[in-house]
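Q: Please give me a close look at one part of this structure, beginning at a single position in a loop and working outward from there. I would like a connected account that I can follow with the structure in front of me.

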Amino acid sequence: MMLSEGLKPFNTGLNQWCLVTSETATPSGEPLGRISRDIEAFTATSPATHILVADPFGPYSQAVAAGYSNELMPDINMPTSSPYYLYLMDYGSVSPCFYWPDVVLLTSSNTDEGTDTQSQNTAKLIERAVRLEAAREISIEFEKAKEESFEDGMDSEFSRRLENLIIKFDHSALAVIRSLVFVADFYGEAVGEALRLLGRIDHPETYSNRLVLLEQCLFHPDARVRDAASLGLAYLDNPSAIPYLRRAIQVEPNEMLLEDMEQVLRQLEETLQCLSS
Amino acid sequence: MRKIRKAKWLNDKALTWLGTDDLQADAIFDLKTDDNALSVWHVEDDKSNLQVVIAALSTTSDNLSNLDYVLVEQSVFAKAGLKVIHTRGKTVYDEANKWHRDLVELSAKSLINTALLIASQRSEMKRLLPKQVLSLLQEKIMAGEIKTAELKEKLRGKIEQSPQ
C-alpha cells in the first residue's frame with residue numbers, strides 16, 4: 001500500500017500507531033480526502049488504534065482532524081466519531097482549542113528545536129507518546145484495582161495485568177508508576193501491591209530501574225509506600241540498596257516500620273557477606 | 001495468631017485524620033470472616049509451635065511472599081466475650097492443622113472490637129521476609145512434613161529453583 005509520505009506506522013508493543021507528520025510538504029491543492037483515505041486504508045490493513053499527529057496545524061493534521069471529527073471541522077462531511085485514539089502533538093507555539101474526549105495533546109516545550117532536528121524532535125515525541133499510552137493503560141489498571149482486595153502471597157488480577165504492562169512498556173511503565181506514586185500523590189492499596197510486584201517479577205530489562213524506584217520510595221511521605229518499598233527491596237535482595245536503607249532507617253519516624261526496615265537491612269547485609277565470601 | 005498485612009495496621013503521622021487509638025478502615029479487610037467466623041491459629045505460650053503455624057499459613061500462598069502476623073493473648077479475646085472453638089485447619093501441612101481455631105458468632109460490632117483489640121497489640125505484629133519464609137518451607141519439606149507436590153505451582157517453582 002502506498003501511503004502519503006507523512007504517514008508512518010510504528011508499534012509500541014501494545015498498540016499499532018499511525019504517525020502523521022508534516023515532514024514532507026503537502027502538494028498544493030491536494031484534496032484533504034486523499035490523506036483521510038490513506039489513513040483509512042492504513043488502519044483497515046493494520047491493527048492501528050492510535051493515531052499520533054506530529055503537527056496539529058499542518059495540512060496532514062487538518063485532514064486527520066477533518067476525517068475523524070466533525071466537531072473540529074464542521075464544514076467537512078466526514079465520519080462523526082473516531083474509532084481511534086487520536087493524539088495531537090504541539091511543538092510549543094500555539095495552543096489548540098480541541099475539546100474532544102479522545103484527543104490528548106503532547107507538548108514538546110522541553111525539546112530544543114534550535115539544535116535538534118525535526119526527526120529528533122519527532123523521536124522524542126514518539127517516546128512521549130509511548131509513555132502516554134503506558135500511562136493510559138496503567139492508570140486504568142490502578143482504577144480497576146480499587147475494587148480488588150489484596151493479600152500477601154495471593155495472586156491478584158491487578159498484579160497479573162500490571163506485570164504484563166511492565167513487560168510490554170519497559171521503562172515507560174516504571175515512569176508511569178513513579179508518577180502515580182510521587183507526582184499524582186495517588187495512594188490506593190494498589191500502590192503497595194505494585195511496589196511488591198516490582199521486587200518480585202523476573203524482568204531483567206527493567207531490573208535496575210525497578211531497584212532505583214524502590215530505593216526512592218523508601219523516602220516517600222506515606223508510611224504504607226515506604227513499607228511496600230522495603231518489601232520490594234527484600235524480594236530483589238540486592239546489597240546495592242544497603243546505603244539507601246541505612247539512610248531511610250536514620251530518618252524513619254514509624255517504629256513498626258523501622259523494625260521491618262532493619263530486618264530487610266540485615267538480610268541484605270547477609271547477602272553481601274555471602275557474595276563476598 | 002492471625003495473618004495480616006502490616007501496612008494496613010500502621011498508624012502513621014502522615015495519616016493526620018486517623019486518631020492515635022484508631023485504625024485504618026482498610027485493616028478490616030484483613031479480618032475477612034466466613035459464616036461469621038474468623039480463622040485464627042493457636043500459638044503456645046512458649047511459641048514452640050509458631051514456626052509450624054507460619055509454615056502452614058505459607059503453604060496456602062500462590063507465590064513466595066512475606067508473612068505478616070499478629071499475636072494476641074487468648075485471654076484478651078476471652079475478656080472481650082469472644083468465643084473460640086477448635087476447627088481443624090485445611091492446609092497441606094497436616095501436622096499443623098490441629099492448631100487452627102475459629103472466633104465464632106461474630107457480629108459486625110464484635111468484629112470491629114476484635115480489630116481494635118488487634119490494633120492495641122501493634123508491638124506483637126511481626127513479619128517474616130520472603131527469604132525467611134522460603135527457608136522455613138524448605139526446612140519443613142526436607143523434614144518430610146510438607147510435600148512440595150501439594151504446593152501451588154508458582155510457590156513450588158520458586159522453592160525448586162532456590163538453593164537450599
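A: A good place to start is Asp170(A), which lies in the loop between helix H4 (157–169) and helix H5 (171–183) of chain A; please bear in mind throughout that this is a predicted model. The backbone at Asp170(A) deserves attention, since its phi is near 50 degrees, a positive value in a residue other than glycine. As a general point, most residues other than glycine have a negative phi. Asp170(A) has 17 C-beta neighbours inside 10 Å and therefore counts as partly exposed, a class that lies between the limits of 12 or fewer for exposed and 20 or more for buried.

Moving on from this loop, we come to H5(A), which packs against helix H7 (residues 207–217) of chain A at an angle of about 10 degrees, with the two axes 10 Å apart. Because angles under 35 degrees count as roughly parallel, H5(A) and H7(A) are described as roughly parallel to each other. On the side of H5(A), the contact is made by His171(A), Leu174(A), Ile177(A), Arg178(A) and Val181(A), while H7(A) contributes Asn209(A), Arg210(A), Leu213(A) and Cys217(A). Sorted by character, the residues of this contact divide into five nonpolar, two polar and two charged.

The wider setting is a chain with ten helices and five strands. Chain A has 277 residues, of which 38% are buried. Among the contacts in chain A with a separation of 6 or more, 65% are between residues 24 or more positions apart.

Other helices of chain A take part in the meeting with chain B, where 27 residues of chain A are in contact with 22 residues of chain B. Helix H6 (189–200), helix H8 (223–236) and helix H10 (255–276) of chain A each supply at least two residues of the side that touches chain B, and H8(A) gives the most, with seven residues. That side of chain A comprises eleven nonpolar, six polar and ten charged residues.

Across in chain B, Lys47(B) invites a comparison with the starting point, for Lys47(B) is not a glycine and yet has a positive phi of about 60 degrees. Lys47(B) is found in the loop between strand E2 (38–41) and helix H1 (50–58) of chain B. With 11 C-beta neighbours inside 10 Å, Lys47(B) falls under the limit of 12 or fewer and so counts as exposed.

The strand that leads into this loop, E2(B), belongs to an open sheet of three strands in the order E2-E5-E4 (chain B), with antiparallel pairing. E2 and strand E4 (83–86) of chain B stand at the edges, each with a single partner strand, so one side of each has no neighbour in the sheet. Direction ignored, neighbouring strands of this sheet are turned by 35 degrees against each other on average. E4(B) is joined by four bridges to strand E5 (residues 100–104) of chain B, in the antiparallel sense, and within E5(B) the bridge partner of Ile85(B) is Asp102(B).

Methods
Residues numbered from 1 in each chain as written. Chains lettered and ligands numbered in written order. Predicted model: local features only at pLDDT ≥ 70, side-chain atom pairs only at ≥ 80, totals over all residues. Contact = placed C-beta atoms within 7 Å. Nonpolar A, V, L, I, M, F, W, Y, C, P; charged D, E, K, R; others polar. Axes fitted to C-alpha atoms, helices over the stretch in contact; angles between N-to-C directions. Parallel < 35°, antiparallel > 145°, perpendicular 65-115°, else oblique. Pairing = 2+ DSSP bridges.
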